[in-house]
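Me: I would like to learn how to read helix packing in a model. Can we work through a case together?

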Amino acid sequence: MPASVDEILGFCRLHLSEDEAERLVGWIAWRTGRSQALAGARPPLERLRHALANWLGPAERARLLAWLTGRVERGESPVPG
């Protein structure tokens, strides 16, 4: 089932620091071939909202949420270093 932007942001608010949210924006930018600067000069969660809404489709968002959830459940850092 596709994950909404709000579902992912809710998860990130609970499990990611601002630094991790910023790193996730960079990771998504890298994975999608975009410049991180395209997310604008906003707070990290707003930049993440932009990346989720504009750079990922519904299926990609679902895979991202599943991946993040799995990492947290295993006690790993939510975002790769």
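Me: Which residues of α4 are buried?

Reply: Start with the general idea. An α-helix has 3.6 residues a turn, so residues three or four places apart point the same way. Now the case, in a predicted model. Arg 61, Ala 62, Leu 64, Leu 65, Leu 68, Gly 70 and Arg 71 are buried in α4.

Me: What do the buried residues of α4 pack against?

Reply: They pack against α1, α2 (18-32) and α3 (44-55).

Me: How do I describe one such pair, α1 and α4?

Reply: Two packed helices are described by the angle between their axes and the distance between the axes. Here, the axes of α1 (residues 5-15) and α4 (residues 58-73) come within 10 Å and cross at roughly 20°. Angles under 35 degrees count as roughly parallel, and α1 and α4 are therefore roughly parallel to each other. The crossing is left-handed. On the α1 side, the contact uses Val 5, Glu 7, Ile 8, Phe 11, Cys 12 and His 15. From α4 come Arg 61, Leu 65, Leu 68, Thr 69 and Val 72. By class, that contact has 7 nonpolar, 2 polar and 2 charged residues.

Me: At what angle do α2 and α3 pack?

Reply: About 25°, with their axes 8 Å apart. α2 and α3 are therefore roughly parallel to each other. Their crossing is left-handed. Among the contact residues are Leu 24, Val 25 and Ile 28 of α2, and Leu 48, Leu 52 and Trp 55 of α3. The contact of α2 with α3 divides into 11 nonpolar, 1 polar and 3 charged residues.

Me: What follows just after α4?

Reply: Gly 75 takes a positive phi of about 80° there.

Note on methods
Residues are numbered from 1 along each chain as its sequence is written. This is a predicted model: local features need pLDDT of at least 70, side-chain atom pairs count only at pLDDT 80 or more; totals for chains, interfaces and linings use all residues. Side-chain values use heavy atoms; hydrogens and water are left out. Axes are lines fitted to C-alpha atoms, for helices over the stretch in contact, and angles run from 0 to 180 degrees between N-to-C directions. Helices (H or I, at least four residues) and strands (E, at least two) are DSSP runs, numbered from the N terminus. Angles under 35 degrees count as roughly parallel, over 145 as roughly antiparallel, 65 to 115 as roughly perpendicular and the rest as oblique. A crossing is left-handed if the near helix is turned anticlockwise from the far one by less than a right angle, and right-handed if clockwise. Contact means heavy atoms within 4.5 Å. Ala, Val, Leu, Ile, Met, Phe, Trp, Tyr, Cys and Pro count as nonpolar, Asp, Glu, Lys and Arg as charged, and the others, Gly among them, as polar. Buried means under 20% relative accessible area, exposed over 50%, partly exposed in between (1.4 Å probe, protein chains only).
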